[in-house]
Amino acid sequence: MRRLPLDPYLLALLATVLVATVLPARGVGATVAAHASTVAVGLLFFLYGAKIAPRTALAGARHWRLHLVVLATTFGLFPLLVLTLRAVAPGLLPATLYTGLVFLAVVPSTVQSAIAFTSMAHGNVPAAVFTATLSNLAGVLVTPLLAAALLTGTGQVGVSAGSVTRLVGTLLVPFAAGQLLRPWLAGWVQRHKRILDPVDRGSILIVVYTAFSAGLVAGVWRQVSPGRVLLLAVVLAVLFGLALAATALAGRAFGLPRPDRVATMFCGTNKSMASGLPMAAVLFTPGTVAMAILPLMLYHQLQLIICALLARRWAGSAESS
């Protein structure tokens, strides 16, 4: 990561999008892919439940001001910024991309990359572990609820008896099962991390392939031009910059020491593609998932590049002080 900010996994995601564009799943193949995607999402959230310890890094739990800033930024500031942009400039982006921006805004923080960047920049790692874990635990419930509340009426996501049942059965039940079985599975999961990591990532690739296949068949790519995608990237960069500035100012306003401010900025600005993509597969209608996840995929790469540069810079300043 220090030498190459470009995430190799994102290259695999882009390759999956290319395959879906050239060879989309149709007919029976689309049905099989949809069922495989549902199973993959359930498996992902079962593994998340087995991996995430509710009492992880208790040494970091006492930093309540740090956690407050991160949660407020993740689930409050991001949606406020995106909704304000949509109200002020409704014609700036197509409605499908605005939907994706709103979904991005309610996705929880990352765990692995936020902690890695915090460690690299000599930040408060225990606090970062706790707040990133807390964000993901909250996101299992908060993200679908906020997405449904903010996007109801768009025709792409909504609350109904069927959608609630699907949400509970695909996300919450597997996650709860993983949490209940964690005392017996945690050690096994840790020992077989090298095997399970490809399972995690492979499951997400299935979700992406299914989403972009359905999007291509539905003709969503005709709704967005390369220029709009470039404009979306600029909007995402501005969004990241505003979130970074807000977390920095909040950290200073609360009088947080430098290690806590570092953790706050990385955990508050990062968004989890690993959690967001499976949730999108459950929440959105098949033909709209592709555009709904495009902002999250672009933001993921953007945050990796910017955070890698910032972490290296802050690490140097910490070592010289």
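Right after helix H5 comes histidine 122, and its phi is positive, near 60°. Keep in mind that this is a predicted model. Below is a quick tour of H5, helix H10, the nonpolar cores, valine 199 and a pair of cysteines.

**Helix H5**
- H5 covers residues 112-120, and its buried residues are Ser113, Ala114, Ile115, Phe117, Thr118 and Met120.
- Past the helix, histidine 122 is the residue with the positive phi.

**Helix H10**
- H10 runs over residues 258-269, and at 1.5 Å a residue its 12 residues should span 16 Å.
- Its end C-alpha atoms sit 17 Å apart, which agrees with that expectation.
- Since 10 of the 12 residues are buried, H10 is largely enclosed by the rest of the structure.
- The buried ones are Asp260, Arg261, Val262, Ala263, Thr264, Met265, Phe266, Cys267, Gly268 and Thr269.

**Nonpolar cores**
- The largest nonpolar core has 65 residues, and Leu101, Phe103 and Phe266 touch the most other members.
- Helix H12 (residues 289-320) chips in the most to this core, with 15 residues.
- There's also a second, separate core of 10 residues, with Leu66, Val70, Leu256 and Ala263 among them.
- Leaving out residues up to four places away in sequence, phenylalanine 103 touches Thr143, Ala147, Gly276, Met279, Ala280, Leu283, Phe284, Ala292 and Leu296.
- H10 has a buried residue in each of these cores: Phe266 is in the largest one, while Ala263 is in the second.

**Valine 199**
- You'll find valine 199 in helix H8, which spans residues 193-218.
- Its relative accessibility is 30%, so valine 199 counts as partly exposed; the buried label needs a value under 20%, and the exposed label one over 50%.
- Setting aside neighbours within four places in sequence, valine 199 is in contact with Leu43 and Leu47.
- Valine 199 and leucine 47 are 152 residues apart along the chain, yet their C-alpha atoms are separated by 9.7 Å.

**Cysteines**
- The structure holds 0 disulfides.
- Cysteine 267 is in no disulfide, and the nearest cysteine sulfur, 9.8 Å away, belongs to cysteine 307.
- With a relative accessible area of 0%, cysteine 267 is buried.
- Cysteine 307 is in no disulfide either, and its nearest cysteine sulfur is that of cysteine 267.
- Cysteine 307 also counts as buried, at 0% relative accessibility.

Terms used:
Residues are numbered from 1 along each chain as its sequence is written. This is a predicted model: local features need pLDDT of at least 70, side-chain atom pairs count only at pLDDT 80 or more; totals for chains, interfaces and linings use all residues. Side-chain values use heavy atoms; hydrogens and water are left out. Helices (H or I, at least four residues) and strands (E, at least two) are DSSP runs, numbered from the N terminus. The expected span of a helix is 1.5 Å times one less than its number of residues. Buried means under 20% relative accessible area, exposed over 50%, partly exposed in between (1.4 Å probe, protein chains only). A nonpolar core is a set of buried Ala, Val, Leu, Ile, Met, Phe, Trp, Tyr and Cys residues joined through side-chain atoms within 4.5 Å. Contact means heavy atoms within 4.5 Å. A disulfide is a pair of cysteine sulfur atoms within 2.5 Å.
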